[in-house]
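Reader: Please take me closely through the helical part of this model and what lies around it, beginning with the aromatic rings. How many aromatic pairs does the structure hold?

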Amino acid sequence: MFVILEGWAHRYKILPNGTRQVLAFLMPGDACDLHIGLLGEMDHSIQTLTNALVTTIGRDEIEKIFVDHPRIANAMYVSQLVDEGTMRAWITSMGRRTSIERVAHLMCELFIRARNIGLQTEPVFDLPLSQLLLADSLGMTAVHLNRVLKELRQENVMTLTRGCVSIVDIGKLIRIAGFDDNYLHRRIRAAA
């Protein structure tokens, strides 16, 4: 198992036609694939997006932790459940949300996650993701994403500049997204 200690990474798949689908963004504290040791190989790839510090925990050590430290084992299972909840939220976004709702939803999610690990200050946080990478995570082209970001900027909701997001109106962003943060087991309303 890999654990991100510093920096950002992403989980993705490359399709036979060469296109990429981003499946998740990983931030400091995120564990990558808790149960991967049970499988012969991964069905996706993980790549760092920034300079990163990553540690590995071997299968034998994980099993020992589970036996010797049940609270840590429980925390790791909860983390896995949050990952699964996040995946369900992303699938829902891809299948049922409009483009602007998808972008707003992802920004709300990243805002909460950044806030909860101390990467966010005020309504501004570093977002080391290119528009192409964001588009690949949202199932849209970079051109269409740019149009959506322009609309959010013109509505005075948020701005995205190279490497940084500024949330101007978190309440409006939540309403546009139809965001319910219970899948993250954190609360955005405290920040609003």
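**From an aromatic pair to the helices and sheets**

Author: There are four aromatic pairs in the structure, a pair being two rings of Phe, Tyr or Trp (for Trp, the six-membered ring) with centres within 6.5 Å. One of them joins Phe179 and Tyr183, with 6.0 Å from centre to centre and 70° between the planes, which makes the pair edge-to-face; that label applies over 60 degrees, planes under 30 degrees apart are stacked, and the rest are tilted. The model is predicted, with local features requiring pLDDT of at least 70 and side-chain atom pairs pLDDT 80 or more, while totals for chains, interfaces and linings use all residues. Residues are numbered from 1 along each chain as its sequence is written, and side-chain values use heavy atoms, without hydrogens and water.

Phe179 and Tyr183 are both buried, that is, under 20% relative accessible area with a 1.4 Å probe and protein chains only (exposed is over 50%, partly exposed lies in between). Both are also among the contacts of His105, together with Ala89, Ser93, Arg97 and Ala177, when neighbours within four places in sequence are set aside; contact means heavy atoms within 4.5 Å. His105 lies in helix α3, and it counts as buried because its relative accessibility is 3%. Helices are DSSP runs of H or I with at least four residues, strands are runs of E with at least two, and both are numbered from the N terminus.

Ala89 and Ser93 lead to helix α2, where they are buried along with Ala73, Met76, Gln80, Val82, Gly85, Thr86 and Trp90. The cover over these buried residues includes β3, α1 (59–68), α3 (99–116) and α4. Helix α2 takes in residues 70–96, 27 in number, and spans 38 Å from first to last C-alpha, close to the expected 39 Å; the expected span is 1.5 Å times one less than the number of residues.

Helices α1 and α2 pack at about 115°, and their axes are 5 Å apart. Axes are lines fitted to C-alpha atoms, for helices over the stretch in contact, and angles run from 0 to 180 degrees between N-to-C directions. On the α1 side the contact uses Ile62, Ile65, Phe66, Val67 and Asp68, and on the α2 side Pro70, Ile72, Ala73, Met76 and Tyr77. By class, nine of these residues are nonpolar, none is polar and one is charged. Nonpolar covers Ala, Val, Leu, Ile, Met, Phe, Trp, Tyr, Cys and Pro, charged covers Asp, Glu, Lys and Arg, and the others, Gly among them, are polar.

Strand β3 belongs to an open, antiparallel sheet of three strands in the order β3-β2-β5, where two strands pair if DSSP finds at least two bridges between them. Its edges are β3 (20–26) and β5 (45–48), each paired on one side only. Six bridges link β3 with β2 (residues 9–14) in the antiparallel sense, and His10 has Phe25 of β3 as its bridge partner. Helix α4 (residues 131–138) packs on this sheet, touching β2 and β3, with its direction at about 100° to that of β3.

A further open sheet of three strands runs β4-β1-β6, again with antiparallel pairing. Strand β1 (residues 2–6) is joined to β4 by two bridges and to β6 by four. Phe2 is bridged to Cys32 in β4, while Glu6 stands opposite Leu53 in β6.
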